[in-house]
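Visitor: I'm new to this one. Could you walk me through how to read it?
Guide: Sure, let's put it on screen and go feature by feature.

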Amino acid sequence: MSKDLEELKRGYRKISAPPHLATRIRAEVADQPPSRGSWIPITTTALAVAAIAWMLPFAVLQQAQQTAKPTKPSLSALAALKPEKPKRAAPSLSQLRSVSIPAAPSRPKPRTTVPRSSIDTEFENELLEEPSHAHT
Amino acid sequence: MSLDEKSDAQLVRAFKSGNPEAFDALVRRFQDRVFRLACVWLYDAELAADATQDVFLRGFTGLKGFRFRSTPFTWLYRTTKNVCSEYNRRRRPEGLEHEPLDPQSDPGGMVAEVEHAQRVRELLRKLPPRQREVVILRMFEDLSVRETAHAMGCREGTVKALLHKATANLKVHLQHAGLKQ
């Protein structure tokens, strides 16, 4: 740092607070009302202790009940259990062959001629009929 | 270990744990630095004393929730800057800086301090605000680059660059002011 800047720094450092300032600050701080939030930590702690004290008997009782109950089987023990399926004897092939199967109905034969309806027959008859004046 | 021998962080911890003397020790340790900052930023020594008192009043409540993410002085520096900004917003347009100082009307004996402060303030006012901060923190208050960066809320590289520019500017202004011997 150059001499000028050093001199500037020295000038700056010579500035000091007035001697009575600390006393003023102490007096001002003493006049401050208690902070609004000062009760929060105490209340929070008291509530937490009360909650623990209230829940503790229940936890102890629950633990005692668990020790009295039979222990639940583990998952590996449960997995080892397999349901027993009813055993069925598989039929042999000869038994399957001996089973009689009813004959299937015969399939209808396809028609070679166009089916004739009664209307068509009457129309043909009318065409074949000669008129009354045909042979005169 | 007495309170005055404790580090800044230890003092704050002692204060947070409910030791009222720890706060008095904090005031004794930092009042000069806070007052200097206020003298540079404000235009009246009495106003600087009031601002210093306000800073420590805020510290009495604010430091109870201090989380040690920065140093205690960084917290005080930022609070001083905010308080002085508020005072400057309320000050009259015609400042008292150009009024001749009368030692007889200065029962607090702050004439010398005011003169020093005025000289520093006149020079620093010629710098941009960020360069001014770097000069005060890094050069005058001897904070490390890291602490300065933390107080200013910028990177260390930015502090170095600002310091380089501020030093060059100050040398020019000092030459013009005729302080160079």
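Guide: Let's start with a term: a residue is called buried when its relative accessible area is under 20%. Keep in mind that what you see is a predicted model.

Visitor: What percentage of the residues in chain B are buried?
Guide: Of the 181 residues in chain B, 46% are buried. As for the outside, chain B has an accessible surface of about 9500 Å², and carbon and sulfur atoms account for 47% of that surface.

Visitor: How many helices and strands does chain B have?
Guide: Chain B has eight helices and zero strands. Read from the N terminus, its elements go α-α-α-α-α-α-α-α. You can also ask how far apart in sequence the touching residues sit. Take the contacts in chain B between residues at least 6 apart in sequence: 62% of them join residues at least 24 apart.

Visitor: Let's zoom in on Thr74(B). Is Thr74(B) buried or exposed?
Guide: Thr74(B) is buried, because its relative accessibility is 1% and the cut-off for buried is under 20%. You'll find Thr74(B) in helix α4 of chain B, which covers residues 72–90.

Visitor: Which residues does Thr74(B) touch, leaving out those up to four places away in sequence?
Guide: Thr74(B) touches Glu147(B), His150(B) and Ala151(B).

Visitor: Now for the two chains together. How do people put a size on an interface?
Guide: Often it's given as the accessible area lost when the parts come together. Here, chain A and chain B bury about 3000 Å² between them, with 67% coming from carbon and sulfur atoms. On the chain A side, Leu8(A), Tyr12(A) and Ile15(A) lose the most area to chain B, together 25% of what that side buries.

Visitor: How many residues does each chain bring to the contact?
Guide: Chain A brings 23 residues and chain B brings 35 residues.

Visitor: And how many salt bridges are there between chain A and chain B?
Guide: There are four salt bridges between chain A and chain B. One to look up joins the side chains of Arg13(A) and Asp142(B), at 2.7 Å from N to O. Polar contacts across the interface come to 11 residue pairs, counting pairs with both residues at pLDDT 80 or more.

Visitor: Which elements of chain A give two or more residues to the side that touches chain B?
Guide: Those are α1 (3–13) and α2 (21–30) of chain A. The most comes from α1(A), with eight residues. By type, the chain A side that touches chain B has 11 nonpolar, four polar and eight charged residues.

Note on methods. Residues are numbered from 1 along each chain as its sequence is written. Chains are lettered from A and ligands numbered from 1 in the order in which they are written. This is a predicted model: local features need pLDDT of at least 70, side-chain atom pairs count only at pLDDT 80 or more; totals for chains, interfaces and linings use all residues. Side-chain values use heavy atoms; hydrogens and water are left out. Helices (H or I, at least four residues) and strands (E, at least two) are DSSP runs, numbered from the N terminus. Buried means under 20% relative accessible area, exposed over 50%, partly exposed in between (1.4 Å probe, protein chains only). Contact means heavy atoms within 4.5 Å. Accessible areas come from the Shrake-Rupley method with a 1.4 Å probe; for residues, only the protein chains shown count as cover. Buried area is the accessible area (1.4 Å probe) that two parts lose on being put together, summed over both. A polar contact is a pair of N or O atoms within 3.5 Å; within protein, one must be able to donate a hydrogen and the other to accept it, and residues adjacent in sequence count only if both atoms are side-chain atoms. Ala, Val, Leu, Ile, Met, Phe, Trp, Tyr, Cys and Pro count as nonpolar, Asp, Glu, Lys and Arg as charged, and the others, Gly among them, as polar.
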